[in-house]
Amino acid sequence: MNKLVLIGICLLTSGLFAQGPNLEKDYEQIENKVIEWRHDIHQNPELGNREFKTAEKIANHLKSLGIEIQTGVAYTGVVGLLKGDNPGQVVALRADIDALPVTERNNLPYKSNVTSEFLGEKVGVMHACGHDTHTAILMGVAEVLSKNKDKINGTVKFIFQPAEEGPPPGEEGGALLMVKEGVMENPKVDAIFGLHINSQTPVNMIRYKSGGTMAAAQSFTIKVNGKQSHGSQPWGGVDPILISAKIIDGLQTIISRETELTNEAAVITVGKIKSGVRFNIIPESAEMIGTIRTLDYDMKDKLNKRMIEMVETIAKAYGGTATCEINDATDITYNDPALVTQMLPTLERVAGKEMVVTQKAITGAEDFSYFQREAPGFFFFLGGMTPGTTESFPHHTPDFLIDDAGMQLGVKAMTELTLDYLSAGK
Ligand SMILES: [Zn+2]
Ligand SMILES: [Zn+2]
């Protein structure tokens with residue numbers, strides 16, 4: 001091909017991408033629907049693995065759009081498959097759909113008055129993490145994309161995921177179970193995008209980080225064994241309470257003395273300690289449980305290894321024995337650096353360059369991380385705080401509130417990330 005013609009075509013395509021697919025009319029038409037869906041879902045929240053009505057609403061909507069669906073994935077999950085008019089790669093978009101055992105305190109026309117049972121107790125149920133907005137946004141994206149199949153060079157997989165906050169004890173669930181059930185296969189996903197609304201980021205702003213974005217969460221159980229004796233004669237026994245104190249102290253030095261905190265943050269927290277029955281008895285054993293948060297795989301391995309070594313050797317030094325068992329809860333939410341670089345121009349075009357800002361890592365965890373182990377993924381944060389507000393309440397609290405106006409940017413961002421990614425891979 002003539003070199004000039006080629007340059008011309010390149011300029012034309014890059015010009016088109018710079019402008020985006022021009023879906024303004026579709027976005028205008030969808031905004032009120034997204035708000036209505038959100039209010040309905042907010043008013044009817046359901047706990048993890050029990051999202052029956054929410055799933056039904058999603059399934060009915062996707063069906064009405066002619067999207068092929070699969071229901072009952074990981075209990076209540078819904079997966080939709082939309083094939084574009086042109087062949088190409090597969091993009092997955094994920095929204096979590098579960099609510100929390102929190103009693104809402106907001107005065108809203110669509111306030112939740114729902115109650116349920118959680119761990120044997122009657123609790124209020126509320127979308128106190130904003131997953132209602134994620135669900136409504138993705139329902140909107142599905143509608144916009146289904147009307148624009150001619151612009152889709154490939155396939156879009158919509159993943160509506162249950163139990164992000166964790167399944168009820170004794171049950172499997174969430175992203176991990178969806179992956180186990182094959183959600184990232186058939187067709188195999190090439191890239192996945194997800195977002196989280198944020199009550200402390202202003203509406204119309206996007207925050208993101210390349211690499212380790214949210215922490216891997218692990219739980220640990222430390223069992224200390226000593227020798228029981230009279231409280232007045234400690235020399236006759238081995239004190240597991242004293243050993244526990246030394247272990248807690250030792251564990252904190254792994255963070256403060258051994259972890260390169262200028263690279264990434266790391267946390268060890270002992271959340272519960274249990275030992276003893278009476279003021280004048282040195283008990284036989286003690287148990288501690290806690291959580292570990294890491295943002296880097298090497299740091300995670302090193303920290304785990306050192307915890308086990310330290311627990312065992314400290315106990316030994318004081319004449320007792322101890323074990324440390326560590327279990328994975330959630331992996332690192334790791335944004336693929338190449339994918340972030342590739343897709344950043346899309347976010348900047350949609351939100352405006354000055355409204356897309358970098359952020360520090362978060363020591364909270366997200367099970368979106370399990371999808372990112374299967375395919376490169378990009379998870380970002382969307383503003384949900386009313387402009388001009390000075391006070392906003394954190395996630396998981398009774399006063400947590402998200403402004404409806406924040407969702408529109410979510411619809412645009414997810415739609416255009418999909419179209420741009422698939423166009424690039426054509
Ligand atoms: Zn949450
Ligand atoms: Zn959440």
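## The zinc ion (ligand 2)

Donors are N, O and S atoms within 2.8 Å of the metal, and because water is not among the atoms, sites may look incomplete. The model described here is predicted. In it, the zinc ion (ligand 2) has three donor atoms listed: SG of Cys129, NE2 of His131 and NE2 of His196, at 2.1 to 2.4 Å. Along the chain, these donor residues follow the pattern C-x1-H-x64-H. His131 belongs to helix α4 (residues 131-146) and His196 to strand β7, so this pair ties together parts that are 65 residues apart in sequence. Both His131 and His196 are buried.

## The zinc ion (ligand 1) and the shared cysteine

The zinc ion (ligand 1) is coordinated by SG of Cys129, OE of Glu165 and NE2 of His396, which lie 2.0 to 2.3 Å from the ion. The spacing of these donors in sequence is C-x35-E-x230-H. Here too, distant parts of the chain are linked: Cys129 sits in the loop between β5 (121-124) and α4, and Glu165 in the loop between β6 (153-161) and α5, 36 residues apart.

What joins the two sites, the zinc ion (ligand 1) and the zinc ion (ligand 2)? Cys129 coordinates both ions, which are 3.1 Å apart. Is Cys129 buried or exposed? Residues under 20% relative accessible area are classed as buried. Cys129 has a relative accessibility of 8% and therefore counts as buried. Glu165, with a value of 27%, counts as partly exposed.

## Helix α4

Helix α4, which carries the zinc donor His131, has 16 residues. The distance from its first C-alpha to its last is 22 Å, close to the 22 Å expected at 1.5 Å a residue. The helix is mostly covered, with 16 of its 16 residues buried.

## The largest pocket

The largest pocket has a volume of about 920 Å³. It is lined by 38 residues, and those closest to its centre are Glu164, Glu165, Ala365, Glu366 and Asp367. Two or more lining residues come from each of α5 (174-180), β7, β10 (216-225), β14 (285-294) and β15 (321-330). Two of these names recur from the zinc sites: Glu165 is a donor to the zinc ion (ligand 1), and β7 holds His196.

## Ser199 in strand β7

Ser199 is located in strand β7, which covers residues 191-202. The relative accessible area of Ser199 is 1%, so this residue is buried. What does the side chain of Ser199 reach at 2.7 Å? Its partner is the backbone oxygen of Phe393.

Beyond its neighbours within four places in sequence, Ser199 is in contact with Met385, Ser392, Phe393, Pro394 and His395, and also with Phe400, Leu401 and Ile402.

## Ser229 and Pro169

Ser229 is placed in strand β11 (residues 229-230). Its relative accessibility is 12%, so Ser229 counts as buried. With neighbours within four places in sequence left aside, its contacts are Pro234, Gly236, Gly237, Ile281 and Ile282.

Pro169 is found in the loop between β6 and α5, the loop that also contains Glu165. Is Pro169 buried or exposed? Its relative accessibility is 61%, so Pro169 counts as exposed. From C-alpha to C-alpha, Pro169 and Thr330 are 15 Å apart in space, while 161 residues separate their positions in sequence.

Methods. Residues are numbered from 1 along each chain as its sequence is written. Chains are lettered from A and ligands numbered from 1 in the order in which they are written. This is a predicted model: local features need pLDDT of at least 70, side-chain atom pairs count only at pLDDT 80 or more; totals for chains, interfaces and linings use all residues. Side-chain values use heavy atoms; hydrogens and water are left out. Helices (H or I, at least four residues) and strands (E, at least two) are DSSP runs, numbered from the N terminus. Buried means under 20% relative accessible area, exposed over 50%, partly exposed in between (1.4 Å probe, protein chains only). A polar contact is a pair of N or O atoms within 3.5 Å; within protein, one must be able to donate a hydrogen and the other to accept it, and residues adjacent in sequence count only if both atoms are side-chain atoms. Contact means heavy atoms within 4.5 Å. Donors are N, O and S atoms within 2.8 Å of the metal (3.2 Å for Na, K and Ca); water is not among the atoms, so sites may look incomplete. The expected span of a helix is 1.5 Å times one less than its number of residues. On a 1 Å grid over the protein atoms alone, a cavity is a set of points where a 1.4 Å probe fits but cannot get out, and a pocket is an open set with protein on both sides within 12 Å along at least five of seven lines; lining residues have an atom within 4 Å of a point. Grid points are joined across faces, edges and corners, and a volume is the space filled by probe spheres set on the points.
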